[in-house]
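Student: Please pick one part of this model and take me through it closely. I would like the cut-offs spelled out as you go, and then a look at what surrounds that part.

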Amino acid sequence: MLKGFKDFILRGNVIDLAVAVVIGSAFTAIVNAVVASIITPLVSLFFEADAAGQFGPKLTNIYGNPVTFPLGDLISAIISFLAVAVVVYFVFVLPMNTFKAHVEARKGTGAEEPEDEPAAATEAELLVEIRDLLKSQRA
């Protein structure tokens, strides 16, 4: 039982996932700071932050009291999500992809020629190999 757990923990994808969670939580602070210091003031130029929650249709309930559906909160959440997505893509993802492409292009221009790897066996060749191995084991 412990060996299975050890194998599970030591697999590369579990470690990668753990690192991604830790980096992701640290990265959240950076994204929130960018949104709070740049995007939110830009949105405030067009909408009043205090009035955002009060925006929405008003209906009267069965007791005669007004009920407001706070669509402003929904709109604020959508704007915040889109702002975070835009910041993450244009500030982090796009430059990183450009950098990776640049590094790959520089690797491709090296003077060394990659060695030709042997062609992978076809499915039929693998099946013939398996059949021959089974025959030799039976004999």
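**A close look at the nonpolar patch**

Tutor: Happy to! The unreviewed UniProt entry annotates residues 12-39 and 74-94 as "transmembrane region"; positions are in the numbering used here, feature names are shortened, and such annotations may be inferred rather than shown by experiment. This is a predicted model, in which local features need pLDDT of at least 70 and side-chain atom pairs count only at pLDDT 80 or more, while totals for chains, interfaces and linings use all residues. Residues are numbered from 1 along each chain as its sequence is written, and side-chain values use heavy atoms, with hydrogens and water left out.

For orientation, the protein chain has four helices and two strands, in the order α-α-β-β-α-α along the sequence. Helices (H or I, at least four residues) and strands (E, at least two) are DSSP runs numbered from the N terminus. Over the annotated stretch 74-94 the chain is 100% helix and 0% strand, with its end C-alpha atoms 28 Å apart.

Now to the patch. Leu59, Val67, Phe69, Leu71, Leu74, Ile75, Ile78, Phe81 and Leu82 make a nonpolar surface patch of about 820 Å². Patch residues have over 30% relative accessible area and no salt bridge; nonpolar side chains (Val, Leu, Ile, Met, Phe, Trp, Tyr) are joined within 5 Å, and like charges within 9 Å. The areas come from the Shrake-Rupley method with a 1.4 Å probe, and for residues only the protein chains shown count as cover. Helix H3, residues 71-108, gives the most to this patch, with six residues.

Follow the patch back from H3 and you reach Phe69, in the loop between strand E2 (66-68) and H3. Phe69 counts as partly exposed because its relative accessibility is 42%; the classes are buried under 20% relative accessible area, exposed over 50%, and partly exposed in between (1.4 Å probe, protein chains only). Another patch member, Leu59, sits in strand E1. The C-alpha atoms of Leu59 and Phe69 are separated by 8.2 Å, with the two residues 10 apart along the chain. Beyond its neighbours within four places in sequence, Leu59 is in contact (heavy atoms within 4.5 Å) with Asn65, Pro66, Val67 and Phe69.

Asn65 lies in the loop between E1 (58-60) and E2. With the same sequence neighbours within four places set aside, Asn65 is in contact with Leu59 and Thr60. At 42% relative accessibility, Asn65 also counts as partly exposed.

H3 has buried residues to look at as well. The largest nonpolar core consists of six residues: Val31, Val34, Val35, Ile39, Ala83 and Val87. Helices H2 (12-44) and H3 each supply at least two residues of this core, and H2 has the largest share, with four. A nonpolar core here is a set of buried Ala, Val, Leu, Ile, Met, Phe, Trp, Tyr and Cys residues joined through side-chain atoms within 4.5 Å. Leaving out neighbours within four places in sequence, Val31 is in contact with Val84, Val88 and Phe92. Across the protein chain, buried residues make up 6% of the 139 residues. The chain exposes about 12200 Å², and carbon and sulfur atoms supply 68% of that area.

Further along H3 there is a charged pair. Lys107 and Glu104 both lie in this helix, three residues apart, about one turn. They form a salt bridge with their closest N and O atoms 4.0 Å apart; the rule asks for a side-chain nitrogen of Lys or Arg within 4 Å of a carboxyl oxygen of Asp or Glu. Both Lys107 and Glu104 are exposed. By this rule there are two salt bridges, and Arg131 with Asp132 is one of them, at 3.3 Å from N to O.
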